[in-house]
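Me: Could you take a close look at one part of this predicted model for me, the salt bridges and what they hold together? I'd be glad of a connected walk-through, with a glance at the surroundings afterwards.

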Amino acid sequence: MYKPLLIIPGLILLAVACTPAAQPPAPAAGPTAAVKSPAPITGPATAQRLAEVTLAMGFIPNVQFAPFYVAVEKGYYTQEGIQLTFDYGMESDLLKLVGTNQLQFVVGSGDQVILARSQGLPVVYVMNWYRKFPVAVFSLKDLARPQDLAGKKVGIPGLFGASYIGWRALAYASGLDEKSVQLEPIGFTQAEAVATGKVEAAVGYAMNEPVQLRQQGLQPKEIRVADYIDLVANGIVTNEQTIAQKPDLVRGIVRASLRGLQDTLKNPEEAFELTLRYAPEAAQQREAQMAVLKESLGFWQSDRLGYTDPKAWEASQKFMKQVGLLQAETDVNKMFSNDFLPK
């Protein structure tokens with residue numbers, strides 16, 4: 001019988017607002033090595049008055065937020081002069097709030113930044129988190145290439161969000177005629193719909209729905225968008241005003257977040273245990289949720305954590321313009337900055 005896991009139903013959104021606060025707690029001890037990663041990212045300890053930073057996650061507590069939980073638990077933000085708390089409210093239009101400086105930071109995807117810049121919002125992507133775009137099409141039937149989807153009913157949450165962007169990008173990059181596929185909005189029920197035969201394939205997150213099916217003893221076939229086009233996925237976004245007025249805060253957010261990401265890559269078991277303090281319900285499905293976290297590592301890993309490739313921005317904007325998701329192109333070089341990464 002199909003049993004659903006806890007999943008993230010869309011691109012993770014993370015917003016940050018700042019005000020002054022009190023003294024930091026002492027940082028915890030570091031992790032032991034388990035997965036190969038770049039040289040340690042370090043930051044200076046600080047005894048200064050902290051800035052209170054509210055991190056609006058855009059979703060409920062979840063194992064895929066592990067790098068941020070690790071960074072908090074190990075005191076990496078406090079070492080940067082930041083007192084961090086999480087807000088799990090489901091606000092929409094976070095990029096607009098950042099673009100108008102009502103929020104200072106948000107975690108969003110490259111397509112969101114490209115659209116915001118085209119609308120005149122001065123948002124800037126300053127740290128890459130997901131090196132690979134995590135959307136995939138999966139099926140229990142034979143599925144080796146996008147053209148195998150022709151004539152099939154393919155489920156998708158809706159004509160919005162990361163799944164839809166990923167679907168359009170896959171068709172664009174592979175030359176698949178979208179009209180040859182029966183695309184059916186099914187809400188966030190992709191794994192169940194595939195398992196029960198409601199649809200022949202579905203669009204979802206490679207670290208979520210296919211993992212769910214494997215946990216049920218099934219063997220899904222996958223076509224990953226990242227194998228066909230290098231889209232800019234999730235990362236930390238701020239705005240030009242914050243960069244100009246608070247560059248050290250931007251650098252501190254980036255550095256602490258990368259340290260949490262690095263530690264999660266090195267020791268996912270430890271990261272999972274720390275995550276349980278924020279998402280205790282994950283303990284009820286420990287094996288399955290650990291599998292979700294480990295599958296996520298491959299999408300986060302990079303030779304240089306946090307770095308964003310200019311060519312990926314060019315490819316992303318070109319795709320969006322050619323399929324009609326974007327009316328006008330803007331200067332790619334203003335969309336992102338690698339200047340706040342640790343040297």
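Reply: Happy to. Let's start with Arg214 and Glu295, which form a salt bridge whose closest N and O atoms are 3.7 Å apart. This pair joins distant parts of the chain: Arg214 belongs to helix α7 (residues 209–215) and Glu295 to helix α11 (residues 286–300), with the two positions 81 residues apart. Arg214 has a relative accessible area of 31%, so it counts as partly exposed. Glu295 is also in the partly exposed class, because its relative accessibility is 23%.

Glu295 has another partner to look at. Its side chain meets that of Arg224 in a salt bridge, at 2.8 Å from N to O. Since Arg224 sits in strand β10 and Glu295 in helix α11, this contact ties together parts that are 71 residues apart in sequence. The relative accessible area of Arg224 is 23%, which means that Arg224 is partly exposed. If you step back from the individual pairs, Arg214, Glu222, Arg224 and Glu295 are joined into one network by salt bridges that share partners.

That network is part of a wider set, as the structure holds 16 salt bridges. One of them is formed by Arg131 and Asp230, with 3.2 Å between the closest N and O atoms. Here, too, distant parts of the chain are linked: Arg131 lies in the loop between β5 (123–128) and β6 (135–139), whereas Asp230 lies in the loop between β10 (221–224) and β11 (235–239), and 99 residues separate them. Arg131 counts as partly exposed because its relative accessibility is 24%. Asp230, with a relative accessible area of 29%, is therefore partly exposed as well.

Strand β11 gives us a way from that loop into the strands. It runs antiparallel to β4, and 3 bridges join the two. Within this pairing, Val107 has Ile236 of β11 as its bridge partner. If you follow the side directions along β4 (residues 105–108), Phe105 and Val107 point one way while Val106 and Gly108 point the other way, and all are buried.

For a look at how helices meet, turn to α1 (residues 66–73) and α10 (residues 268–275). Their axes are 9 Å apart and they pack at an angle of about 80°. The two helices α1 and α10 are therefore roughly perpendicular to each other. On the α1 side the contact is made by Ala66, Tyr69, Val70 and Glu73, which meet Ala271, Leu274 and Thr275 of α10. Sorted by class, the contact of α1 with α10 has 5 nonpolar, 1 polar and 1 charged residues.

One more stop, this time at a single loop residue. Glu178 is placed in the loop between α5 (161–174) and β8 (182–185). Because its relative accessibility is 29%, Glu178 counts as partly exposed. Setting aside neighbours within four places in sequence, Glu178 is in contact with Trp167, Arg168 and Ala171. For Trp167, which is 11 residues away from Glu178 along the chain, the C-alpha separation is 9.2 Å.

To return to your request, the pair to keep on screen is Arg214 with Glu295, linking helix α7 and helix α11. Add Arg224 in strand β10, which is tied to Glu295 in helix α11, and then Glu222, and you have the members of the network in view.

Key:
Residues are numbered from 1 along each chain as its sequence is written. This is a predicted model: local features need pLDDT of at least 70, side-chain atom pairs count only at pLDDT 80 or more; totals for chains, interfaces and linings use all residues. Side-chain values use heavy atoms; hydrogens and water are left out. A salt bridge is a side-chain nitrogen of Lys or Arg within 4 Å of a carboxyl oxygen of Asp or Glu. Helices (H or I, at least four residues) and strands (E, at least two) are DSSP runs, numbered from the N terminus. Buried means under 20% relative accessible area, exposed over 50%, partly exposed in between (1.4 Å probe, protein chains only). Contact means heavy atoms within 4.5 Å. Two strands pair if DSSP finds at least two bridges between them. Axes are lines fitted to C-alpha atoms, for helices over the stretch in contact, and angles run from 0 to 180 degrees between N-to-C directions. Angles under 35 degrees count as roughly parallel, over 145 as roughly antiparallel, 65 to 115 as roughly perpendicular and the rest as oblique. Ala, Val, Leu, Ile, Met, Phe, Trp, Tyr, Cys and Pro count as nonpolar, Asp, Glu, Lys and Arg as charged, and the others, Gly among them, as polar.
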